[in-house]
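Me: I would like to go through some of the labels given to this model and ask what each one rests on.

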Amino acid sequence: MANNSYSGVKNSMVEANHDGEFGCTLKELRSLMELRGAEALTKIGESYGDIQGLCNRLKTSAVDGLSGQPTDIEKRKTVFGQNLIPPKKPKTFLQLVWEALQDVTLIILEVAAIVSLGLSFYRPPDAERDHCGKAAGGVEDENESEAGWIEGAAILLSVICVVLVTAFNDWSKEKQFRGLQSRIEQEQKFTVVRGGQVIQIPVAEIVVGDIAQIKYGDLLPADGVLIQGNDLKIDESSLTGESDHVKKTQEKDPMLLSGTHVMEGSGKMVVTAVGVNSQTGIIFTLLGGGEDDEDDEEEKKKEKEEKKKQKKSESLLHTHARTHNYTYIDNSFVLFCSAKAQDGAAMEMQPLNSDEGADAEEKKKANLPKKEKSVLQGKLTKLAVQIGKAGLVMSAITVIILVVLFVVDTFWIQNLPWVKDCTPIYIQFFVKFFIIGVTVLVVAVPEGLPLAVTISLAYSVKKMMKDNNLVRHLDACETMGNATAICSDKTGTLTMNRMTVVQAYIAEKHYKKIPEPENIPSSSLDMLILGIAVNCAYTTKIMPPEKEGGLPRQVGNKTECALLGFSNDLKRDYQSIRNEIPEEKLYKVYTFNSVRKSMSTVLKMADGSYRMFSKGASEILLKKCYKILTANGEPKVFRPRDRDDMVKKVIEPMASEGLRTICLAYRDFSTADGEPDWDNENDILTGLTCICVVGIEDPVRPEVPDAIRKCQRAGITVRMVTGDNINTARAIATKCGILQPGDDFLCLEGKEFNRRIRNEKGEIEQERIDKIWPKLRVLARSSPTDKHTLVKGIIDSTVAEQRQVVAVTGDGTNDGPALKKADVGFAMGIAGTDVAKEASDIILTDDNFSSIVKAVMWGRNVYDSISKFLQFQLTVNVVAVIVAFTGACITQDSPLKAVQMLWVNLIMDTFASLALATEPPTESLLLRKPYGRNKPLISRTMMKNILGQGVYQLIIIFTLLFAGEKLFDIDSGRDAPLHAPPSEHYTIVFNTFVLMQLFNEINARKIHGERNVFEGIFNNMIFCSIVFGTFVIQIVIVQFGGKPFSCVALSIDQWLWCTFLGFGSLLWGQVISSIPTSRLKFLKTAGHGTQKEEIPDEELEELEDMDEIDHAERELRRGQILWFRGLNRIQTQMDVVSAFQSGTSFQGALRRQASNSSQQQHDVTNVSSPTHVAFSTTTTTATAANSASATVGCECVFSSSA
């Protein structure tokens, strides 16, 4: 892109080379799209004559568009490219396996197993064996001694199993993400004109030469040149970093670029560049979006040369990367998930070189309270790190004690000398002790935690699709469970968004239902119908019903549909008027926006005079009317006193029935006064004549009142924020149940709200907002800024004992800031604009409020699933670690062998996380209050269950361990020599242990102390099949596992006893739940999130550059700093050296950029998950981090390696 200023362009008209049959080449179009404003116009003038000339060259018609012939479309795709940016290749299964192998504990196990394998093949001469102490002798059976390699091999095998399972999980997760992504992309459609018909096609199908209709709220999918525009304003900050909206006209600046947002107006453009040739595509290609990451040596040489050229494009990219928060979903570039990093208010981007700008931004950032990321993730990571540390200590102590006991026993008590021939035997013992230690560590480290979160979230996201929630950021799902407040739009969310005119005030009479056309003076009627036909967007229309006898389909803006429907009800055809006056003939259009709250269209009449039609909110437009049409169709003066009468007698009664009131008016400009100054809106939009006022009904969705009741019962406050009149809003809020008769809640208008929250200087004060928001239920006539202020005020408030977690719904472009600011932003899938969807976390595919309630249920369910898993996991951890530890210390050998421990680890980590994380939500989740951000993951009830079950299991295991041989009348397995065959005794211990876990898994299904643990168990088939499957595998292992699993086949009696002891944990569970938790004062909670106050100052300074505090990353970082300090220093030195060698590189630019995006990812670059991909040359890896950060929402990490 840097060197695209082709010199040969001017002569292009002479050259015969015009790709195939088109009058211009791809190169020409690409260079044309790099120009802006006047330059572009000159270029179009020189090369094509005018925009019409460009259309002719591209073989398209500005009115009818392309023919739509498949051959023509295909040819255009081959010549000019497709509208796709090719995704990066996903990681292969082998890469994922390699990543899973990087886990530190697994590596230690592998090494130990290999050493053990090697030593088992060493045969000392038999004679000397007796010198080596008691422990070495006693192997009678020759075959047994030869089977010494089995344990090492079995450990290796089980490591391979664990690795494959992990890799498979990552792979399926990646696949799911890709599926989700393609679904989001398929849902994006765009309106084009083909063969004279206006149709919607998927964005990927757009080709060069298409005539696209653009309107307020669109995200432009390709580059193009404006053919016709009404009041068009574009936000180009994503490409240029300039936050001011750019006005686009054919005369001054007709260039429209992909990836920019239409903020106002509408128009048509001819598409000139798509996919990788569009401006956004070029930038993606530079960023490496469309390339493979394995660059060959030659490419690297080329790159070095190119880096010099790239300096020019660097500044553009800098800004682009900054404003566009790239998201890399599983390595494929997507513009879609722009992470919520830019805070609504701080969206203005400074030009790169202005130092003052940078300082201002620093200051602005310092004052903004930081938004905290996934709380659950943070709590979990912290817990996992703590447990891991404890496990490490325990395993170290185990190894030390075992070694000391052995040395003391052999060399001191037996008083043997160290014989050279015995060395391998002693080493074998040490390796065995080491393996036991590592196994304790493996069991102690809950690597299943991140897996459980991933599975639970991914499962929920998949199921939420069925409940009409399309989740774009994973952690939004869990945040939703903690929501304490929902600020909802009215239109389309609480109501059906199917609007109809049901009352009208016309010709001085208030009709309670649609009047007969005969009762209206024909002059007034003609004026009304003409006004409705031309002053509604031409993209809005009423289509015949899809099914016989159904309701007519409403396409486009629903309020305008209601007016068009009104014209049909008056037996008039608006379409014939539109055919007479096509859109091109409209003289000027003032499109609707949130400031004007009205829309006007100007027609030039045959005699040279102008007539303007306006429609808008009645109380606003009536203030600008000074005449009104009377019963005989003549205008008469309309005084302020008449207006007040009309408000009282017409507008308020309509509004109190929940109707939206719209005023329709017109104004004539005579030729005598000359051409008006169209840019001076205040002078134009005044002196109107009122034609009529209509009351539009938008019925409340039948399921909404019930959904709102559920929210209120679940401790969630629902507030309605609407642009409607306060009486309409109050009436609808009462119908929905947001307001109950007799409540003392507040309903405010935007103006009043602003007056109350601002001080004398006009600044917003948090204390003032705190006085209002707890009581506020309806905010009417509100602007988008009011919505953002309210959301921010509630989130930053400290009056309630818990920080409020706020969800917001929005559909308009202007809702973007509020959606970004909220903890969870819901965009409307049907009525929502692209801008709103881009800013949101969850898209409601059916625009329905009751889907939000489903999201709350799923969110709470995720939280509970994780707690269930924790309750189960920690019980196993505590018991296994204590058994291995005490067993090893007393009998010099762990009762649970390494391979057995790995099997237990597999059950409790992978399988249990699958079983417990896929519990479906129940309505009972909505009967409790939200947990809030500070609630610990492990409540006191859960702690009671964990400790209670732990005590039961330990008593049983130790009884079996030390008295089992007497009870079952079998040989004791204790004090067995090195390669002794497996014993029945230890097999019973192992079997009972596993069966207790299985039954306890059923106990773990309930965490709030419920008695019936079987309730709803058959609703979760995954759970049933996993429990059953584990049981079957356990039978196979015990009966046929033999030497590798250190098992001996058991008799039926022994099996029944084991099962009975296992079943005991269910009965014991009932005993535990009978003990009131309140009595057990000594119980502590665990798994608190990190409070902001607890973060040390140094760390807060590091976090300064980030928009969000990511607790998970913080915890991981602390856990890993030790591992990485060494590696990191070397890495940094290498980076510095290579940076000096290659001069300023683009990668360097990204690294400097990185401080914005990811200070958190200090050194972890290779995160085994589809969601983070690091642009960096570093290769340090950390799998402890892998799995934990695997689920944090979608964002691309420009990894800093400093």
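Me: Which residue in S3 stands opposite Val193?

Reply: Val193 faces Ile211 in S3. The model is a predicted one.

Me: What makes S1 and S3 a pair of strands?

Reply: Pairing needs at least two bridges. Strand S1 (residues 189–194) and S3 are joined by two bridges, so they pair, and they run antiparallel. S3 is also joined to strand S7 (residues 261–273) by five bridges, again antiparallel. In that pairing Ala212 stands opposite Met269.

Me: Why is S3 called mostly covered?

Reply: Strand S3 covers residues 211–215, and four of its five residues are buried.

Me: Why does Cys55 count as buried?

Reply: Buried means under 20% relative accessible area. Cys55 has 0% relative accessibility, so it is buried. Cys1047, with a relative accessible area of 4%, is buried because that value also falls under 20%.

Me: How many disulfides does the whole structure hold?

Reply: A search of the whole structure finds zero. To count, a pair of cysteine sulfur atoms would have to lie within 2.5 Å.

Me: How do you know that the length of helix H34 agrees with what is expected?

Reply: H34 (residues 1021–1040) has 20 residues, which at 1.5 Å a residue should span 28 Å. Its end C-alpha atoms are 28 Å apart, so the two agree. At the start of H34, a side-chain oxygen of Asn1020 comes to within 3.2 Å of the backbone nitrogen of Ile1022. Just after the helix, Gly1042 has a positive phi of about 55°. Buried residues in H34 include Phe1023, Ile1026, Val1027 and Thr1030.

Me: Where does the name "transmembrane region" for residues 1021–1042 come from?

Reply: It comes from UniProt, in an unreviewed entry, which places that feature at 1021–1042 and at other ranges, including 392–413. In the model, residues 1021–1042 are 91% helix and 0% strand. Residues 392–413 are 100% helix, with end C-alpha atoms 30 Å apart.

Me: What makes the pair of Phe406 and Tyr426 edge-to-face?

Reply: Planes over 60 degrees apart count as edge-to-face. The planes of Phe406 and Tyr426 are at 65°, with 6.0 Å centre to centre, so the label fits. Phe406 lies in helix H13 (residues 375–413) and Tyr426 in helix H14 (residues 423–444), so the pair ties together parts 20 residues apart in sequence.

Me: Why is the pair of Phe411 and Tyr426 edge-to-face?

Reply: Their ring centres are 5.3 Å apart and their planes stand at 75°, so this pair is edge-to-face. Both Phe411 and Tyr426 are buried.

Key. Residues are numbered from 1 along each chain as its sequence is written. This is a predicted model: local features need pLDDT of at least 70, side-chain atom pairs count only at pLDDT 80 or more; totals for chains, interfaces and linings use all residues. Side-chain values use heavy atoms; hydrogens and water are left out. Buried means under 20% relative accessible area, exposed over 50%, partly exposed in between (1.4 Å probe, protein chains only). The expected span of a helix is 1.5 Å times one less than its number of residues. A polar contact is a pair of N or O atoms within 3.5 Å; within protein, one must be able to donate a hydrogen and the other to accept it, and residues adjacent in sequence count only if both atoms are side-chain atoms. UniProt positions are given in the numbering used here, feature names are shortened, and annotations may be inferred rather than shown by experiment. Rings of Phe, Tyr and Trp (its six-membered ring) pair if their centres lie within 6.5 Å; planes under 30 degrees apart count as stacked, over 60 as edge-to-face and the rest as tilted.
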